[in-house]
Amino acid sequence: METPTLFEQQVPVEDDITNLSRLKVQTRIREMNAERINRQTLIETTARRHAAIARLRRRRHEADEVDNEYWIRRRNNIRLVQ
């Protein structure tokens with residue numbers, strides 16, 4: 001496989017094949033997700049959404065705590081240097 005240069009207008013055939021197989025895989029994943037979502041009831045869907053929102057809030061809270069601890073350590077280190 002030759003590396004294309006900026007002056008070549010034609011994309012190598014190998015790139016087209018990998019892009020096509022990647023597109024097929026992505027399409028199949030979307031189809032599977034759509035089938036799963038269609039099988040769910042409204043209650044299950046709302047429960048999953050609420051669980052996902054709760055996970056995101058926990059992660060954001062944990063990230064805020066880590067960020068706060070970093071700045072406290074940084075402030076203390078600056079005081080030690082001064």
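**Exercises on a two-helix chain**

Trp 71 has a relative accessible area of 47% and is therefore partly exposed, a class that lies between buried (under 20%) and exposed (over 50%), with a 1.4 Å probe and protein chains only. The model is a predicted one, in which local features need pLDDT of at least 70 and side-chain atom pairs count only at pLDDT 80 or more, while totals for chains, interfaces and linings use all residues. Residues are numbered from 1 along each chain as its sequence is written, and side-chain values use heavy atoms, with hydrogens and water left out.

**Exercise 1.** Describe the secondary structure and the surface of the chain.

Begin with the DSSP runs, where a helix (H or I) needs at least four residues and a strand (E) at least two, numbered from the N terminus; the chain has two helices and zero strands. Next, take burial: of the 82 residues, 4% count as buried. Finally, the accessible surface, computed by the Shrake-Rupley method with a 1.4 Å probe, comes to about 8300 Å², and carbon and sulfur atoms account for 56% of that area.

**Exercise 2.** Classify the geometry of the ring pair formed by Tyr 70 and Trp 71.

Rings of Phe, Tyr and Trp (its six-membered ring) pair if their centres lie within 6.5 Å, and planes under 30 degrees apart count as stacked, over 60 as edge-to-face and the rest as tilted. By this rule the count comes to one aromatic pair. Because the centres of Tyr 70 and Trp 71 are 5.0 Å apart and the planes stand at 75°, the pair is edge-to-face. As for accessibility, Tyr 70 is partly exposed at 36%.

**Exercise 3.** Work out how Arg 28, Glu 31 and Glu 35 are linked.

Side chains of opposite charge can pair when their charged atoms come close. The criterion for a salt bridge is a side-chain nitrogen of Lys or Arg within 4 Å of a carboxyl oxygen of Asp or Glu, and a search of the whole structure finds two. One joins Glu 31 and Arg 28, at 3.4 Å from N to O; these residues are three apart in helix α1 (residues 13-39), so about one helical turn separates them. Arg 28 also forms a salt bridge with Glu 35, with the closest N and O atoms 3.9 Å apart, and the three residues Arg 28, Glu 31 and Glu 35 are thus linked in a network. Turning to exposure, Arg 28 is partly exposed at 39% relative accessibility, and Glu 35 is partly exposed at 41%.
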